[in-house]
Structures are given as C-alpha cells and as structure tokens.
Amino acid sequence: MKIARALWTLTGPSLPDRRRLRLPGVYRPQADTRLLLRALRDAGLGRGWRALDLYTGCGVGAVEAVRCGAGEVTAVDVYLPAVASAWINTLGLPARIRRREPADESFDVVLANPPYVPCPGAGRPSGPALAWDAGPDGRSHLDRLCDRAAGLLAPGGTMLVVHSAVCGVRRTLESLRGNGLSSSVAARAVEPFGPVMRGRAGYLEAAGLIEAGQRHEELVVIRADRRDGFEE
C-alpha cells in the first residue's frame with residue numbers, strides 16, 4: 001500500500017468521476033484538458049464512433065470519449081509513463097493504448113492536447129517536458145498536426161484541438177482550412193499562467209509572444225471538420 005501511494009498520484013475531483021492515476025512525471029490534466037473535454041461533450045457526436053486521442057497523457061480524453069459515445073478509442077502518447085498511466089486508467093474500456101499513431105487508419109473523432117508552450121533553443125525535449133515544450137513559437141506539434149489532420153479523419157469526421165492563443169489562433173484556423181478542412185473556435189477560456197508558462201514569462205515577453213507583465217492566457221479549442229468531398 002505504501003509503495004502504491006508513492007508511485008501514483010491523483011489528478012483531482014474536477015475531472016470525470018472515474019479515478020485518475022498518474023505515474024510521477026506524467027502531465028496533470030489542467031484547464032486546457034477540462035476545456036477540451038467540455039468541447040467534446042458539447043459537440044453532439046452521437047454514438048458508436050471511432051476516436052483517436054493524441055497526446056493522451058494519463059488517458060482522461062480516452063475515458064471521456066467512451067463516456068460521450070465512442071465505440072472504440074485509440075490513445076497515443078510517446079512518453080512511456082503516460083502510456084502506462086493511460087493503460088491503467090482505461091482498463092475495462094474499449095480502448096487501446098499506443099506509443100505511435102496507427103498507420104493507414106482514419107477516425108470519426110480526433111482529440112488533441114498537444115504540447116504548445118514556447119521554449120528557447122532547438123533541443124529536443126525529454127521526460128515530463130515532452131508534454132509541453134513545443135519550439136520557439138509553440139507550434140512544432142501544432143503545425144504538423146494541422147498538416148496531417150485531414151488524413152486522420154474519416155469523411156464527415158471532426159477534430160478538436162486545444163492550445164494557447166499565445167501560439168496563434170488564426171494561424172491554426174488558416175492552416176486547417178488550407179489542408180481542406182472547415183475550422184472554427186469551439187470554446188474559449190481565459191486562465192492564469194500555470195507553472196510552466198510563469199517560468200517562461202521572461203522569454204515570452206522577449207520574443208514578443210505576450211505583453212510586458214502579462215500573466216494570463218486565452219485557451220481555445222479549435223474544431224475542424226472533414227467534408228465528404230475531401231480527397232486524400
């Protein structure tokens with residue numbers, strides 16, 4: 001029992017009512033996750049759909065997708081402790097946990113909470129920083145996601161992706177549209193900086209990404225829809 005308490009931590013009561021366990025170092029679901037899950041609940045997607053939960057962390061998106069009607073969910077994260085946490089948290093659910101995206105598959109719904117915190121330097125993140133470090137402008141994952149979004153979606157499919165407005169909302173909308181998808185802002189919320197953003201405030205100011213003294217950010221959920229006319 002003491003070993004179990006030392007290895008696992010709880011994410012808190014504000015998330016779905018099923019118990020959430022995280023191995024040490026795994027991203028703790030915060031305001032961005034809650035906003036993404038709210039947008040999913042509000043999307044009115046029916047039942048029986050196939051979902052892909054990218055950057056799943058401890059798996060709360062996968063669990064919520066099942067609660068909202070998904071018939072099966074594939075959850076992906078590159079960080080091994082996150083994969084283990086998500087596997088535990090989805091036991092008994094129609095979910096499969098992977099470290100890589102499935103090849104040559106498309107999904108009715110894609111959820112994504114990618115890393116989006118701008119960081120100085122060009123080094124590759126490791127360990128817990130895999131959950132937030134995203135290059136000098138915060139878009140190293142967002143840009144790749146926008147480029148491949150249409151191929152991940154089945155005809156009529158929907159993607160919901162959350163990120164900070166610091167990274168450029170219009171840029172995400174236009175990139176998705178340029179890749180053949182309709183796109184719009186599905187949800188917004190203004191939140192105080194969390195620990196990582198607070199620690200990067202000086203860099204963000206110097207890079208012109210925030211105003212001097214700014215210590216809050218707008219979080220947005222972007223919805224992208226693939227119409228049947230899209231051709232891969």
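Strands β6 and β7 run parallel and are joined by five bridges. Within this pair, Phe107 stands opposite Leu153 in β7. The model examined here is a predicted one, and this pairing is a convenient place to start a tour of it. On its other flank, β7 (residues 153-164) pairs with β9 (residues 216-225) in the antiparallel sense, over seven bridges. Two cross-strand positions help to locate this second pairing by eye: Thr158 stands opposite Asp225 in β9, and Val161 stands opposite Ile222 in β9. Strand β7 is mostly covered, with ten of its twelve residues buried.

These pairings belong to an open sheet of seven strands, in the order β5-β4-β3-β6-β7-β9-β8, with mixed pairing. The edges are taken by β5 (95-98) and β8 (182-192); each has a single partner strand, so one side of each is left without a neighbour in the sheet. On average, neighbouring strands of the sheet are turned by 15° against each other, direction ignored. In general, strands of a sheet pair through backbone hydrogen bonds, and they may do so in parallel or antiparallel fashion.

Turning to the chain as a whole, the protein has eight helices and nine strands. Of its 232 residues, 48% are buried. The chain exposes about 11000 Å², and carbon and sulfur atoms supply 52% of that area. Among contacts between residues at least 6 apart in sequence, 66% join residues at least 24 apart.

Two helices deserve a closer look. Helix α3 (residues 60-67) lies across three strands, β3 (49-54), β4 (70-76) and β6 (107-112), and runs at about 170° to β4. Helix α4 (residues 80-89) has Ala82, Val83, Ser85, Ala86 and Asn89 as buried residues. Viewed down the axis of α4, these buried residues fall within an arc of 165°, so they line one face of the helix. Their packing partners are β2 (21-22), α3 and β5.

Which way does Leu80 of helix α4 go, buried or exposed? Leu80 has a relative accessible area of 52%, so this residue counts as exposed, the cut-off being over 50%. Between Leu80 and Arg98 there are 9.6 Å in space, C-alpha to C-alpha, for a separation of 18 residues in sequence.

The nonpolar interior can be described next. The largest nonpolar core holds 55 residues, of which Leu40, Trp49, Leu54, Ala65, Val110, Met159 and Val221 touch the most other members. Helix α5 (residues 140-152) contributes the largest share of this core, six residues. Apart from this core lies another, of six residues, among them Val26, Cys58, Tyr79 and Ala82. Ala82 is also one of the buried residues of helix α4.

Trp49 offers a useful close-up of the largest core. With neighbours within four places in sequence left aside, Trp49 is in contact with Leu40, Ala65, Cys68, Gly69, Ala70, Gly71, Glu72, Asp108 and Val109. Of these partners, Leu40 and Ala65 are, like Trp49, listed among the core residues that touch the most other members.

Key: Residues are numbered from 1 along each chain as its sequence is written. This is a predicted model: local features need pLDDT of at least 70, side-chain atom pairs count only at pLDDT 80 or more; totals for chains, interfaces and linings use all residues. Side-chain values use heavy atoms; hydrogens and water are left out. Two strands pair if DSSP finds at least two bridges between them. Helices (H or I, at least four residues) and strands (E, at least two) are DSSP runs, numbered from the N terminus. Axes are lines fitted to C-alpha atoms, for helices over the stretch in contact, and angles run from 0 to 180 degrees between N-to-C directions. Contact means heavy atoms within 4.5 Å. Buried means under 20% relative accessible area, exposed over 50%, partly exposed in between (1.4 Å probe, protein chains only). Accessible areas come from the Shrake-Rupley method with a 1.4 Å probe; for residues, only the protein chains shown count as cover. The arc is that of the directions from the helix axis to the C-beta atoms. A nonpolar core is a set of buried Ala, Val, Leu, Ile, Met, Phe, Trp, Tyr and Cys residues joined through side-chain atoms within 4.5 Å.
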